[in-house]
Amino acid sequence: MPELPDVEVYRHYVNSTSLHQTIEKVEIFSADILENISRREFRKHVEMRKFESTDRHGKYLFVRLSEDGCVVFHFGMTGLLEYFKDSHSKPKYSRVLFTFDNSYHLAFVMPRKLGKLALIEDPSLFVKDRGLGADPLDRNFTLEEFKHALTGTKSTVKSALMNQKCIAGIGNIYSDEILFQARLNPRTKAGQLSEQSIKELYHAMKKVLKKSIENQADPNQMPRNYLIAHRKKGGACPACGEDLIVEKISGRTSYHCPECQR
DNA sequence: ACATTGACCTGAGAGC
DNA sequence: TGCTCTCAGGTCAATG
């Protein structure tokens, strides 16, 4: 699930469960998800510290540690967080388990090991080093900046939205939703969008992401006139009833309405 | 140089 | 039931 809205929901989850408690133990069941550090070093830096605050850029969640350092969570396609008490009910596919001094645990659960955990010093440096684009919900992310990010790109608008170096945080599901709300065909060339289309896309992007976060990134809670609930085989457009078109764009299964998104 | 494809990892669900 | 096949909301290296 983890696109920007999901990660933002996880961030709130960490805020409301896991801050300001001493981390007594870190167990790493799958070392290959540690990106830049050994199990041993990771434990050494994290154990007996506290999670102090959280931040997010695109699909990356940063959890700052007391003293220094910052744990970076990236959720891949299947990652999630679970806070729970009973140590015997450790969720299936827990890859990392943090145990707090109140005897609660935070599990980093991830069936497919496509996500990562890293330890870094400075989130803004991390973002810069990775060449990540702006976070679309950043207050400073203006229409001008969006325009700038799209200019010169020869790819489809679908692909540009999903390009983390262009804009950080949008994946396959939400790119479809944003394009549906903006009534744009996913194959439109990003560099050829009119001023007006860019503006509409910009506002649709913010609207969709905010609405999703409001609804805990739960597709079932999204308004009926959104694409997301209809985004499945045999689905029909919630606006006009036309059968949705399913096709691969940039290697990802994409849904759009042939009537509403010309 | 840029955009697109395949590999990565592993389980769920469909089809036989 | 059980096996096989395809697909999945991510990224990155390799390819065109």
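I began with the secondary structure of chain A, in what is a predicted model, and I noted seven helices and ten strands.

Next I looked up the overall dimensions, and I found that the C-alpha atoms of chain A fill a box of roughly 55 × 35 × 30 Å along the principal axes. I then compared the radius of gyration with the rule for a compact globule: for 262 residues the rule gives a value near 18 Å, and chain A has 20 Å, which agrees.

I also asked how much of the chain is buried, and I wrote down 35% of the 262 residues in chain A. Turning to contacts with a separation of 6 or more, I saw that 63% of them in chain A join residues 24 or more positions apart.

Which residues have the most contacts inside the largest nonpolar core? In this core of 58 residues, they are Phe108 and Ile178. Helix H7, which covers residues 195-214, gives the most to this core, with six residues, and the core draws at least three residues from each of domain 1 (4-130) and domain 2 (143-256). I followed Ile178 further and, leaving aside residues up to four places away in sequence, I listed its contacts as Leu161, Ile170, Ala204, Met205 and Val208.

Last, I looked at the surroundings of DNA strand B, where I found Pro111, Arg112, Lys113 and Leu114, then Thr153, Lys154, Ser155, Thr156 and Ser159, and finally Ser250 and Gly251. Sorted by class, the surface near this strand has two nonpolar, six polar and three charged residues.

Note on methods
Residues are numbered from 1 along each chain as its sequence is written. Chains are lettered from A and ligands numbered from 1 in the order in which they are written. This is a predicted model: local features need pLDDT of at least 70, side-chain atom pairs count only at pLDDT 80 or more; totals for chains, interfaces and linings use all residues. Helices (H or I, at least four residues) and strands (E, at least two) are DSSP runs, numbered from the N terminus. The radius of gyration is taken over C-alpha atoms; the globule rule is 2.2 Å times the number of residues to the power 0.38. A residue is buried if 20 or more other C-beta atoms lie within 10 Å of its own, exposed if 12 or fewer, and partly exposed in between; C-beta atoms are placed from the backbone. Two residues are in contact if their C-beta atoms, placed from the backbone, lie within 7 Å. A residue is near a molecule or strand if its C-beta atom, placed from the backbone, lies within 6 Å of it. Ala, Val, Leu, Ile, Met, Phe, Trp, Tyr, Cys and Pro count as nonpolar, Asp, Glu, Lys and Arg as charged, and the others, Gly among them, as polar. A nonpolar core is a set of buried Ala, Val, Leu, Ile, Met, Phe, Trp, Tyr and Cys residues joined through C-beta atoms within 7 Å. Domain bounds come from an automatic or database domain assignment.
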